[in-house]
Amino acid sequence: MTVEGTCKKGFERVAEAFQKNFAEHGEVGASVCLTVGGETVVDLWGGTADPRTGAPWTRDTVGIVFSCTKGATALCAHVLASRGQLDIDAPVAELWPEFGQRGKEHVTTRMMLDHSSAVPALREKVKDDGPYDWPYMTERLAAEEPFWVPGTRNGYHGFTFGWTVGEMVRRASGRSLGVFFQDEIAKPLGLDFWIGLPEAIEPRVAPIFPYAYKREQAVTPFLRDLADRQSIAALFFFNVGAWRVGGANTRAGHTAEIGAANGITNARGLAGMYAPLAVGGGKLVDARTLARMGEVSMATHDDATLRIPTRFALGFMKSMDNRKRSVGARIFGPDVDSAILGSAAFGHVGAGGSLGFADPAAGLSFGYTMNQMGPGLLMNERGQSLVDAAYLSLGYKNKDAGVWAR
């Protein structure tokens, strides 16, 4: 195993934690990147991109980052809001009339962003190529009956978020989500980051390898809910057409625009996307929009989908400390259902433990991606150890209160 890249003086803890992940925590291939004040201070990668062939993880290796994609999709909505092209507090039906039916007439984009719009899944079976067919998915969501009174609680919209928020981006901008993201965010910032991957980039993609749960580990509320095929958790997890059966490692799964799940990038791309947001918004959003992006909008003791306590800003996760509050923490270790960041930080975890976020109070942006998924619903010891090392390097003292503090 070889680690390559750069690490500036003062951030050696991050490099040490990154190397330790390979030596002690089962890391296979991964990348980590930090910027502070807009300057890249850590940019490391290493390990094996594809154990089946022995191909190394190189500087330009990219991979699927699952729900980290939601941060990119949310940012597209906020860019439009900052420009006055999308009113997140107006009824969705003003731009998307078909959505305003069956009890969803008063749903707003704000509710879509904070997972309270009450369509966390689809009840009727999704056709195999459904996730790759944008009109089909948006039509299905428009016709779906809400699972609760919209705005009254939240439940993670793990797969549907990409088409609810993504359709608002499409209607407000006149461009598809993936095209808007490329034109307005990825290309201007020089990021290797796509929602809808060009075929030319395919050879650079590291396949993703799922975590294998043992039967005796399937006792968390979320994993128990999966056994009830009519539960929100099971509908979200299983009723996703061909995506469920290895879609994340297929060309069809890469080329589609799935704004909740199929973003492809590396740590440099994640940290680069959040870098302007860590230093005032750059040319992406104004100060008012940036402040709104970091505020907690919805929180619960029992997320209707994930079945753990969650805290969300508008399209982003906030610091979540479930070390003593989740069954998963007792089974897999304290970090698996938590993501402990600074109090001002906002970003998004991806399935298996990838992460991207901005912390405007620290001037920090962070990205971590990998190809071997870990257990749990949020972070695991690999990603959290890198976050911890980053904050310690910046002089933060402890995370006992559930957020990193100076």
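**Exercise 1. Find the partner of Arg-251 and place the pair in the chain.**

Arg-251 forms a salt bridge with Glu-202, and their closest N and O atoms are 2.7 Å apart. A salt bridge here is a side-chain nitrogen of Lys or Arg within 4 Å of a carboxyl oxygen of Asp or Glu. This is a predicted model: local features need pLDDT of at least 70, side-chain atom pairs count only at pLDDT 80 or more, and totals for chains, interfaces and linings use all residues. Residues are numbered from 1 along each chain as its sequence is written, and side-chain values use heavy atoms, with hydrogens and water left out.

Step 1. Locate the two residues. Arg-251 lies in helix α9 (residues 251-255). Glu-202 lies in the loop between α6 (177-189) and β6 (205-206). They are 49 residues apart, so the pair links distant parts of the chain. Helices (H or I, at least four residues) and strands (E, at least two) are DSSP runs, numbered from the N terminus.

Step 2. Check the accessibility. Buried means under 20% relative accessible area, exposed over 50%, and partly exposed in between (1.4 Å probe, protein chains only). Arg-251 is at 29%, so it counts as partly exposed. Glu-202 is at 21%, so it is partly exposed too.

Step 3. Look for a network. Salt bridges with shared partners join Arg-83, Arg-175, Asp-183 and Glu-184 into one network. The whole structure holds 23 salt bridges.

**Exercise 2. Describe the salt bridges of Lys-20 and Arg-59.**

Step 1. Take Lys-20. Its salt-bridge partner is Glu-24, with the closest N and O atoms 4.0 Å apart. The two sit four residues apart in helix α1 (residues 12-24), so about one helical turn separates them. Lys-20 is partly exposed at 42%, whereas Glu-24 is exposed at 53%.

Step 2. Take Arg-59. It forms a salt bridge with Asp-60, the closest N and O atoms being 3.4 Å apart. Arg-59 is partly exposed at 43%. Asp-60 is partly exposed at 34%.

**Exercise 3. List the strands that pair with β3.**

Step 1. Start with strand β3 itself. It spans residues 39-50, and nine of its twelve residues are buried.

Step 2. Add β1. Strand β1 (residues 3-7) pairs with β3 in the antiparallel sense over five bridges. Two strands pair if DSSP finds at least two bridges between them. Glu-4 has Trp-45 of β3 as its bridge partner.

Step 3. Add β2. Strand β2 (residues 29-36) is antiparallel to β3, with eight bridges. Leu-34 is bridged to Val-42 of β3. β2 and β3 form a hairpin with two residues between them, and Gly-37 in the turn has a positive phi of about 60 degrees.

Step 4. Add β4. Two bridges join β3 to strand β4 (residues 55-56), again antiparallel. Asp-50 has Ala-55 of β4 as its bridge partner. This hairpin has four residues between the strands, and Gly-54 takes a positive phi near 80 degrees.

**Exercise 4. Work out how helices α4 and α5 meet.**

Step 1. Read the geometry. The axes of α4 (residues 134-143) and α5 (residues 161-173) come within 10 Å and cross at roughly 110 degrees. Axes are lines fitted to C-alpha atoms, for helices over the stretch in contact, and angles run from 0 to 180 degrees between N-to-C directions.

Step 2. Classify the angle. α4 is therefore roughly perpendicular to α5. The classes are roughly parallel under 35 degrees, roughly antiparallel over 145, roughly perpendicular from 65 to 115, and oblique for the rest.
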